[in-house]
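Here is a set of exercises to work through with the model open beside you. Try each task on your own, then read the solution step by step.

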Amino acid sequence: MQYEILQDQCKKLKALSFIKLAKNLHDASTLAIAKPAISLQKSLLVLEEILYELYKLEMHTEPKLKNKLTLLKNRSFVAKIHPRRIYLLMNLVSKMTSINSSEVAEAKAAKIVLDYISDIVEWFIERYDRSLKAKLIRIGSNFEDITSAFDLNTLLQDDQSTEAYKSAANWFELAAKQGNASAQYNLGALYNQGRGVKKDYALAKMWYERAAAQNDANALYSLGVLYHLGHGVVQNYEEAAQYYKAAADLENADAQYNLGVLYNQGLGMPLNFAEAAKWYMLAANQGNTSAQNNLGFLYHNGTGVEQSYEEAIAYFEMAALAGDASAQYNLGYMYLKGRGISQNFEEAAKWLHLAALQDHTNAEFQLAMLYNTGQGIPQDRIEAIKWFKLAAHKGHLNAQYCLGVLYVKENDIALAEKWLQLAANTGHISAGFELGRLYVYQLQQPEKAFPYFKAAAEKGYADAQYEIGLLYAAGSGVTLNYVEAAKWWRAATDQSHIQAEYQLGLLYEQGLGFEQDLEEARRCYRLAAIQGHSGAQYQLGNLFDKGKGVKQDYTEAAKWIEQAAAKGHAKAQYQLAQMHSHGQGVPKDFVKAAQLYRLAANQGHQKAQFQLGMLYKKGQGVAQDYNEATKWLKKSLENIK
């Protein structure tokens, strides 16, 4: 179906004399599965060609640079690309086709890009065809027509040609000097934006002030913005607030919203969430989506208004339906967490996807998480990585961390290191820890791991404290230092880290770094053993078995050693087999002993292999079998080093 649509679009492009464009689209379509990397390149060429042709069509001149990034960042040009969704798709295609060439392109990615390209091409064809048939509309010379034709929306949202702006500036100046408030405001807007005239904040302020003196709400609001941002004047929030208040009282929605922002942030006035909510509500009731979103946030947190997730959702939804990316993200997040509404991953995915298409970084990350887990949408590794990358390239630390972890699982060590390093170097503790583990266990570069472990350990990250203790205890990447190892393990045990507790027990039992302390060793082992650590269970049982620091007690020894053996601990299995062979703490039972010897022997335990061989030789617990005996006895000799 998609192939037929694309081929039909190729025919239409040829009919419009876009031969090169049609060929690139055809190639992108036919190579998507066989050669996805080339298909992506062809899709990029289609996008570049469309942008180039659109620029000539809309701006009435050729672009100085035929560069997609330059054109997509040209505000005057971008303002002409309607609807907004098409611009977003262009941006998305640009990003998806600009992935590092060293990464393997897959057919699915190429097909996804083609879906987007198809929508863009269809829109381009319709727009180009319509433009060819449209009549050229010229600006009249009537004074009233001129002032209304170039209102604020026209000036800032639907850019005209340079000559049109110059012409507008001349007409506005004539009207402004005659005292027309609307013309004064519009002339100020031109100076503020540098359109049709040289950018000049001082002249913008002068004309705004003249219009404001006639109670022009837009001019009062614009003066507030100048003081708010410090454009052409010393930044002054108090002054900005006064102008916003005057415009807000005249029901200017943007001024009401900005006044709410000042109260919300305590800029130029005391922090006052109730006042912020009041002004947000006035602006929200006029359809200001930013105000609706911010008001939803106040209801979510219960600041300035009575806390209500339901009210928050209502305002988020209001703004989200109008296309506000932040509100779409917030609404998606409410569905994701089930706040004030039944948890619904499908709805969450829908709203997060809409926000992500508008370059909302947090939405890109959350959408990637859903694709990664398959919640609300089919699990898709390629989509997950795509959205993680979009967020990660914008500096989203958790996205960088997640990408690193994904690549570790896929054993792509180079990419794992790249993303974990980016996040870790910006202070992401978990990323630093995972990077340290990558250096120790994958790249065998413990010296590189040490600073990352230490940074995380000093922030109280228990697993990093444990790992840094291992480095010191082994002298791996650092000078051997049992005292330092013990220090970090103690810090980890303060957070109930059972592996660190076990390692401390070993130091105390062996007297490494300080005098042997069997009582302290037993305490450490017990704390870890009762939490299920098999090594600690074996060591604790062994203390009772040997009577080290305690009265010898085979029954207590067997209790702990049995638990470790059940978890597959080879030494515990061998030790328990010995106890069954001699009837120490457990019934004498050669059949059970043989079973346990076999379990340990299959894990390469040399003594277990020898004892199993001897049982076969003697026919104890097993049928006498010299061949089996010889096999296991030989295996035990192979393991002697």
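The expected span of a helix is 1.5 Å times one less than its number of residues. Keep in mind that you are looking at a predicted model.

**Exercise 1. Helix 35**

Task: Work out how the length of helix 35 compares with the expected span, and find where its buried residues point.

Solution:
- Step 1. Helix 35 covers residues 606–618, which makes 13 residues.
- Step 2. From first C-alpha to last, helix 35 reaches 19 Å, close to the 18 Å expected at 1.5 Å a residue.
- Step 3. Now look for the residues tucked away: Ala608, Gln609, Leu612, Gly613, Leu615 and Tyr616 are buried in helix 35.
- Step 4. Looking down the axis of helix 35, you'd see the buried residues fall within an arc of 160 degrees, so they line one face of the helix.
- Step 5. The general rule behind this kind of pattern is that an α-helix has 3.6 residues a turn, so residues three or four places apart point the same way.
- Step 6. As for neighbours, the buried residues of helix 35 pack against helix 33 (570–582), helix 34 (590–601) and helix 36 (626–638).
- Step 7. Just after helix 35 comes glycine 619, with a positive phi of about 70 degrees.

**Exercise 2. The nonpolar core**

Task: Find which residues touch the most other members of the largest nonpolar core, and which helix gives the most to it.

Solution:
- Step 1. The largest nonpolar core holds 204 residues, and those touching the most other members are Leu13, Ile50, Met90, Phe124, Trp387 and Phe388.
- Step 2. Helix 7 (residues 107–133) gives the most to this core, with 12 residues.
- Step 3. Zoom in on tryptophan 387: leaving aside residues up to four places away in sequence, its contacts are Leu92, His353, Ala356, Leu357, Glu364, Leu367, Ala368 and Tyr371.

**Exercise 3. Positive phi without glycine**

Task: Locate asparagine 215 and serine 496, two residues with a positive phi that aren't glycine.

Solution:
- Step 1. Asparagine 215 has a phi near 65 degrees, and you'll find asparagine 215 in the loop between helix 12 (201–212) and helix 13 (217–229).
- Step 2. Serine 496 has a phi of about 60 degrees, and serine 496 lies in the loop between helix 28 (482–493) and helix 29 (498–510).
- Step 3. Is serine 496 buried or exposed? With a relative accessible area of 53%, serine 496 is exposed, because the cut-off for exposed is over 50%.

**Exercise 4. Tyrosine 482 and its surroundings**

Task: Describe where tyrosine 482 sits and what it touches.

Solution:
- Step 1. Tyrosine 482 belongs to helix 28.
- Step 2. Its relative accessibility is 24%, which puts tyrosine 482 in the partly exposed group.
- Step 3. Not counting residues up to four places away in sequence, tyrosine 482 touches Ala473, Leu507, Leu512 and Gly513.
- Step 4. Tyrosine 482 and glycine 511 are 29 residues apart along the chain, and 9.8 Å separates their C-alpha atoms.

**Exercise 5. Salt bridges**

Task: Take three of the 22 salt bridges found in the whole structure and describe the partners.

Solution:
- Step 1. Start with glutamate 209 and lysine 205, whose side chains meet at 2.7 Å, N to O. These two are four residues apart in helix 12, so about one helical turn separates them. Glutamate 209 is partly exposed at 31% relative accessibility.
- Step 2. Next, glutamate 501 and arginine 523 form a salt bridge at 4.0 Å, N to O. This pair links distant parts of the chain, with glutamate 501 in helix 29 and arginine 523 in helix 30 (residues 518–529), 22 residues apart. Glutamate 501 is buried at 8% relative accessibility, whereas arginine 523 is partly exposed at 39%.
- Step 3. Last, aspartate 545 and lysine 546 meet in a salt bridge at 2.9 Å, N to O. Aspartate 545 is buried, with a relative accessible area of 7%, while lysine 546 is partly exposed at 45%.
- Step 4. Salt bridges can also share partners: Asp8, Lys12 and Glu122 are joined into one network that way.

**Exercise 6. Cysteines**

Task: How many disulfides does a search of the whole structure find?

Solution:
- Step 1. The search finds zero disulfides.
- Step 2. Check two cysteines for burial: cysteine 402 is buried, with a relative accessible area of 14%, and cysteine 524 is buried, with 0%.

Methods
Residues numbered from 1 in each chain as written. Predicted model: local features only at pLDDT ≥ 70, side-chain atom pairs only at ≥ 80, totals over all residues. Heavy atoms only, no water. Buried < 20%, exposed > 50% of the residue type's maximum accessible area, 1.4 Å probe, protein only. Arc of directions from axis to C-beta. Contact = heavy atoms within 4.5 Å. Core = buried A, V, L, I, M, F, W, Y, C linked by side-chain atoms within 4.5 Å. Disulfide = S-S within 2.5 Å.
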